[in-house]
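Okay, thanks for squeezing me in. I'd like to walk you through one structure, and please shout if I go too fast. Here it comes.

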Protein chains: 2
Amino acid sequence: MTNAPARGFPTEEFATRTARAQAEMAQTGMAGLLLTTEPEVRYFSGFQTLFWQSPTRPWFLFVPATGKPIAVIPEIGAELMRQSWLDDIRTWSAPAPKDDGITLLTDILAPFAGRGDTIGLMKGHETHMRMPLGDYERLIAGLGGLRIVDATGLIRGLRMVKSEAEIDKIAHICAIGSRTFARVPEMARESQPFEDLFRAFRREGLAQGADDVPYLVGGADTGGYHDVISPPSRRPLARGDILMLDTGSVWDGYFCDFDRNWAIGQADDLSRRAYDVLWRATEAGIAAALPGATCRDLFHAMQGVIAEMDDQGGDVGRLGHGLGMQLTEWPSHAAWDTTELVENMVLTLEPSLSYGDGRIMVHEENIVVRAGGAQLLTERAAPELPII
Amino acid sequence: MTNAPARGFPTEEFATRTARAQAEMAQTGMAGLLLTTEPEVRYFSGFQTLFWQSPTRPWFLFVPATGKPIAVIPEIGAELMRQSWLDDIRTWSAPAPKDDGITLLTDILAPFAGRGDTIGLMKGHETHMRMPLGDYERLIAGLGGLRIVDATGLIRGLRMVKSEAEIDKIAHICAIGSRTFARVPEMARESQPFEDLFRAFRREGLAQGADDVPYLVGGADTGGYHDVISPPSRRPLARGDILMLDTGSVWDGYFCDFDRNWAIGQADDLSRRAYDVLWRATEAGIAAALPGATCRDLFHAMQGVIAEMDDQGGDVGRLGHGLGMQLTEWPSHAAWDTTELVENMVLTLEPSLSYGDGRIMVHEENIVVRAGGAQLLTERAAPELPII
C-alpha cells in the first residue's frame, strides 16, 4: 500500500514503554508485573501473532523492576519471540495440562515471595486473566508471602496515551476504513441480502489495504435499525431501510472503530432528524475534546445535543471510548469516568440515541487529542443522511 | 452460497444441550453452572455476536439444575438475546466499573450460597474466566458458603461431541476452505510480497462463502519455512521457497482449521521428503481415528511415521486437536491425552516435523469420527508437494 507507515516499532519504543512502567512500579512499590493478555504482552515485547485466537496455550510476560521483560511462552512461539528485543525467553512444550508454564513462573516469582514482595496483575475494569483460573490458584498457593496488587491503573495510564508511531498506524487504518466506507454506495443495492454486503465490505477493506476486518456489525431495517451488535441476516436491503455498518479493521495490530449510516432509496423524516442530532452531537464532542477536559465533559457535551431527541440515555452505556491495540480500550465517555484528556489519547466519539418504535442510531468518529484540540483520524461523515 | 446449511439451530438443539448439562450436573452434585466465555454462552443460548471482541463488558450465563439458562448481560445485547430461546434475560447498563453485573449475579447465587450449594465454573485446561479477576474475587467474597468446583470436564465432554447440525456447519466451512486453497496456485506468484498473498487469500475465502477468515498464518522461505505462527512479511515469494498457509475460516460461528504447502518454481529434495513423510503420517492418523481409540493412539500412529525423519517431537506440542466453535478445542493428540474417540468428534490431524537447518513443516486435515472411521471434511492434500 502506498504511504503505509513502517510495520513494527523501533526497539527504543519498547524500551521507553518498559522504563515508564518501571518508573510507575517504583512509585507504587511493585517489584514486578505479571501479564497474561495479548495487548499487554505485545505492548512490552512487540510479539504479534494471530495464534492468540487459539485458547489452548497461556502466554506470560514478566516485567521486572529493572531490565528487559522476561517471556515465559510455549515453545511454538520461541522463533517469533526471538525476533523481539527481549533477551530472556523461557519456553515449555505446550500444551501441558499438568504444568502449563507454572514451574517456569514459580522459578521467577519464588524469590519475590520469599521477600514478601508485591507483584502487579491486571484485575480491574475491562481486563481478564488469560490463563486457567485453576492454574492461577495453584501458582499463588505455591507462592506464600507474595502480595498481589491490581496493576490495571498502571497499564491503563500507559496504554491510553499513544506514541506518534502508534498514532500513525491508527491513522493509516482509519484512512483505509474511510476509503472502504466511501465505496459502500457502489456496493450496496436494493434486494441485496445484508449478509452479502458484509462480505463485499470485508473484501473491499482488504483491497484498500487492511490486514483484516475482524469486526463488522451493523443493522438495516425499514425506518431504522433495532440493534447494533448483530451478525447480518439474509434479509434483502429494501427501499426505506436505514443501513448502518460499523467496522473494526486492523493494520499492523492497530484498530480503527467507526461506523456510517445510509438510507436505501429514501429516508424517513425521523431518521433524518436522528442523523442530524447525532452529527451535531459528534461536532460537540469534537469541540469538547481538549486536553484538560474529562471524559465526563465529553459525555455531557454530546448528551446535551442528543437530549433534543432522547433524554433517556441509550442502551450502549457510553458515548465512545479509547482505541488502539484493541477495538475498545479505556477510557469511557460516560458520566462516571472523570479521566482527564491528555495529548495523544486516541478516542472514539460514539453518540447514539433511541427513537421512534424501538429504533436506535449510532454515529462514530475516531480522533486523537492534540494540544489545540481534536484531530480527526476518520473522514468526517456527511452532515446529512446520505441516500443510496 | 449454494448448498449452505441453515444458519442457527432449532430450539431443540439448545434444549438438548442444556438437558445433557443438567444430567451431568445432577450426577456431580452441581446446583448450577456459571459461564463467562463466548463459546459457552453461545453453546447454551445461541447468542452470536462479534461484539465479544470488545473486552469492555462481561457477559454471563447461569445454567440452573432445571429449566432454561438465565442470561445476565449488558443492556446493549438485550435485543439480540431476546431472539434466543431464553426467557429470563437480566441486563444492566454496562460498562459500569463499580457494578458490572455483580449485583445481578449475587441475586442469583445468594440462595445457593445460603444452602452451601456447589456451583460449577470453568477453571481447567484451555479455559479462562472472562471477567475481571477483581470482580470475581469480590463476587465470591460476598457469597460465603458457596462451593465452587471446576466444570471444565463437564463442558468439555459436551462440546467435544458435535451434533449433525454442527458437523454440517464445519463441513461447509471446510469445503469453502478447500475451494480457497485450490485457488492459491492462481493467486501466488514469484516476487509477490507474502503480505499481498495473505490479503488475496482472505478475499478469496470471503468470495468462496466464508463469513470471515479471522485466522491466517503461514511461512515462506528458501528450502522451508522456520515458523508457523507469524504474520506475513513484505518479503517477496521467490523460486525455491516452500510456502505454507494455515487458515481458520468461519461460517455461522464454526471454524475449519487446516493448511496447505506448496513449492514456488521448484522443490528441494529434503522438503519433498518432509512432505511425503507428513502426508503418510496424516494417512496413518486417518486410519487410526476409530471410535474406541484414544488421542494418544492417534498421536503414536502419526509420530511413528514422522520418526522416519524427526524423532525429537516438534515445537508444536501436539499433532492435532478438537475443532468447532473455536479454532482449537479439546482434546489434544498427544502422549498425555488418553481421551477416547467417540462418534461425531470433529478433529484436526496436524503432523509436523523439524528438518534441515531449523526448518519446520506442518500438514493439517479436518475429520469427523464416524462409526466406520474418519470421514474427511477437507479435500485431501495432494500426495506430492505441489509446485506453483
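Let me start with a proline: P331(B) sits in strand β12 of chain B, residues 329-332. When I say strand or helix, I'm talking DSSP runs numbered from the N terminus, with helices being H or I of at least four residues and strands E of at least two. The peptide bond leading from W330(B) into P331(B) is cis, omega near -5°. Chain A has it as well: W330(A) to P331(A) is cis with omega near -5°, and P331(A) lies in β12 of chain A, residues 329-332.

Quick housekeeping. This is a predicted model, where local features need pLDDT of at least 70 and side-chain atom pairs count only at pLDDT 80 or more, while totals for chains, interfaces and linings use all residues. Residues are numbered from 1 along each chain as its sequence is written, and chains are lettered from A and ligands numbered from 1 in the order in which they are written.

While we're on backbone oddities, look at E126(A): phi is positive, about 70°, and this residue is not a glycine. Where is E126(A)? In the loop between β5 (118-121) and α5 of chain A. For context, most residues other than glycine have a negative phi, and most peptide bonds are trans.

Now zoom out to chain A. DSSP gives 11 helices and 17 strands there. The C-alpha trace spans about 70 × 40 × 40 Å along its principal axes. A compact globule of 388 residues would have a radius of gyration near 21 Å, and chain A comes in at 23 Å, which agrees. That radius is taken over C-alpha atoms, and the globule rule is 2.2 Å times the number of residues to the power 0.38.

Next, domains. Chain A is assigned domain 1 (11-159) and domain 2 (164-376), with bounds from an automatic or database domain assignment. Their centres, over C-alpha atoms, are 34 Å apart. The contact uses 8 residues of domain 1 and 7 residues of domain 2 in chain A, where contact means C-beta atoms, placed from the backbone, within 7 Å. On the domain 1 side of chain A, α2 (38-45) and α6 (152-160) each supply at least two residues, and α2(A) gives the most, with 3 residues. By class, that side has 2 nonpolar, 1 polar and 5 charged residues. The classes: Ala, Val, Leu, Ile, Met, Phe, Trp, Tyr, Cys and Pro are nonpolar, Asp, Glu, Lys and Arg charged, and the others, Gly among them, polar.

So how do the two chains relate? Chain A goes onto chain B with an RMSD of 0.0 Å after a turn of 180° and a shift of 0.0 Å along the axis. The copies are thus related as by a two-fold rotation axis. The superposition is least squares on C-alpha atoms of residues with pLDDT of at least 70 in both. Which residue of chain A comes closest to the axis? R203(A), with its C-alpha at 2.6 Å. And the same surface serves both copies, as 100% of the contact residues of chain A recur in chain B.

On that interface, 58 residues of chain A touch 58 residues of chain B. On the chain A side, α3 (78-81), α5 (133-141), α9 (194-207) and β7 (212-222) each bring at least two residues. The class split for the chain A side is 25 nonpolar, 20 polar and 13 charged.

That's my lot, over to you.

Methods
Contact = placed C-beta atoms within 7 Å.
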